[in-house]
Amino acid sequence: MVEPAYQAAAGGALDVDREFYRRLASSHSAHELVEAFEIPIRSGRAWTVPQGHLCRIVTVEGPQVGDLNVWNRHDPRERLWASRTRQLQRAHVSTFDRLWSTLPFLRPLLTITADTLADYGTDADGGRVHDLLGTRCDPYVNRMLTGEDFDFHCHSNLVRAVLPYGLTEFDVHDVLNVFQCTGLTAEDKYFMAACPARPGDHLEFFAEQDLLCALSTCPGGDLSIPLWGPDARDPIDVCHPIGIEVYRPATDLLDGWNPPGRAEYRGLHGIRVPEGQSSK
């Protein structure tokens, strides 16, 4: 049996204090709700989550996929690194997994504290939920595949969502597909299955830094209807809004927690020898 490529010793960067995050998740009734809103179908919205707060993403009416982008609120150059998160955590994330940021920062942006779909596991087709394998739908691929223009793909929804925060299309990046069920076929090709979420299901995370988040309610809704190919049609009847809730935990619940620092590597990639070190 093969072993994961990326492993760390006890107490290392990948060793999560599960008791701390379990305590946060089990104390939900004690948290103070500081913001709540719904993102309508086929749209996007950005919001901030202060460091040390919790954010809950909720399927308020029925199954719905949401495409999530995350940045450091103060420096958008630090943002979700989907491919490295796949390697350090897994391709489909759940409770206690973290979303990691880009170089040269390489630190957790957030840690997942609760997931009502955690027991979904792997279905008969090999599908799992909360996908990091794929990325957002976009109008460029849609035009390439169909010859038609559509302005409300997840990429476009995210572009509109971040404009009020001074970001542009170039800041939109590979996503976490929240509630999305995906996998790989026997031919190693990406597939999408119908979202298994029910009203009230949620994914909750703890902000390890001050975050800017943006989420698109996918125009494919629950993805039970093909977006491309001979059976494709407009799936608007399987689209639902997604709710966002931000909570402030009681101060004592954060005892022992410290915000993550930047990656410790301080070399210059061989451009010059760091002061005090030999060139040999």
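Helices and strands here are DSSP runs, numbered from the N terminus. That's how to read a place like P104's, in the loop between β6 (98-100) and β7 (108-115). Keep in mind that this is a predicted model. The briefing starts with the nonpolar cores, moves on to two helices, and then takes in some backbone oddities, a surface patch and a few loop residues.

**The nonpolar cores**

- The largest nonpolar core is built from 38 residues. Within that core, W47, I57, L68, L211 and I244 have the most contacts.
- Strand β9 (residues 176-184) is the top contributor here, giving four residues to this core.
- Take L68 as a way into the packing: leaving out residues up to four places away in sequence, L68 touches W47, I57, L80, V175, L176, V178, C213, A214 and L215. Two of those partners, W47 and I57, are also on the list of residues with the most contacts inside the core.
- There's a second core too, separate from that one, with eleven residues. Among them are L158, A161, V162 and V172.

**Helix α4, mostly tucked away**

- Eight of the nine residues of α4 (residues 154-162) are buried, so the helix is largely enclosed by the rest of the structure.
- The buried ones are C154, H155, S156, N157, L158, V159, A161 and V162. L158, A161 and V162 also turn up in the second core.
- The cover over these buried residues includes β2 (44-49), β4 (66-72), α3 (139-146) and β12 (211-217).
- H155 is a good example from this helix. It counts as buried because its relative accessible area is 6%, and the cut-off for buried is under 20%.
- Who does H155 touch? Setting aside neighbours within four places in sequence, H155 is in contact with R136, C137, D138, P139, Y140, E169 and V172. V172 is one of the second-core residues as well.

**Helix α1, buried along one face**

- In α1 (residues 18-26), the buried residues are F20, Y21 and L24.
- Looking down the axis of α1, these buried residues fall within an arc of 90 degrees, so they line one face of the helix.
- They pack against β6, β7 and β11 (202-207).

**Backbone oddities**

- As background, most residues other than glycine have a negative phi, and most peptide bonds are trans.
- The peptide bond from L103 to P104 is cis, with omega near 5 degrees.
- L106 sits in the loop between β6 and β7, where P104 is also found. L106 isn't a glycine, yet its phi is positive, at about 45 degrees. With a relative accessible area of 29%, L106 is partly exposed.
- H269 isn't a glycine either, and its phi is positive at about 60 degrees. You'll find H269 in the segment after β13 (242-248). H269 counts as exposed because its relative accessible area is 67%, and the cut-off for exposed is over 50%.

**A nonpolar patch on the surface**

- L133, L184, Y190 and M192 make a nonpolar surface patch of about 320 Å².
- L133 lies in the loop between β8 (128-131) and α3. At 31% relative accessibility, L133 counts as partly exposed.

**Two more loop residues to look at**

- S43 is placed in the loop between β1 (32-39) and β2. Is S43 buried or exposed? At 15% relative accessibility, S43 counts as buried.
- Not counting residues up to four places away in sequence, S43 touches N157, R160, L215, S216 and T217. N157 is one of the buried residues of α4.
- S43 and H153 are 110 residues apart along the chain, but their C-alpha atoms are separated by 8.5 Å.
- R90 is in the loop between α2 (82-88) and β6. R90 counts as partly exposed, at 32% relative accessibility.
- With neighbours within four places in sequence left aside, the contacts of R90 are T85, T95, D97, R128 and L132.
- R90 and A197 are 107 residues apart in sequence, and their C-alpha atoms are 20 Å apart in space.

Conventions: Residues are numbered from 1 along each chain as its sequence is written. This is a predicted model: local features need pLDDT of at least 70, side-chain atom pairs count only at pLDDT 80 or more; totals for chains, interfaces and linings use all residues. Side-chain values use heavy atoms; hydrogens and water are left out. A nonpolar core is a set of buried Ala, Val, Leu, Ile, Met, Phe, Trp, Tyr and Cys residues joined through side-chain atoms within 4.5 Å. Buried means under 20% relative accessible area, exposed over 50%, partly exposed in between (1.4 Å probe, protein chains only). Contact means heavy atoms within 4.5 Å. Patches are made of residues with over 30% relative accessible area and no salt bridge: like charges are joined within 9 Å, nonpolar side chains (Val, Leu, Ile, Met, Phe, Trp, Tyr) within 5 Å. Accessible areas come from the Shrake-Rupley method with a 1.4 Å probe; for residues, only the protein chains shown count as cover. A salt bridge is a side-chain nitrogen of Lys or Arg within 4 Å of a carboxyl oxygen of Asp or Glu. The arc is that of the directions from the helix axis to the C-beta atoms.
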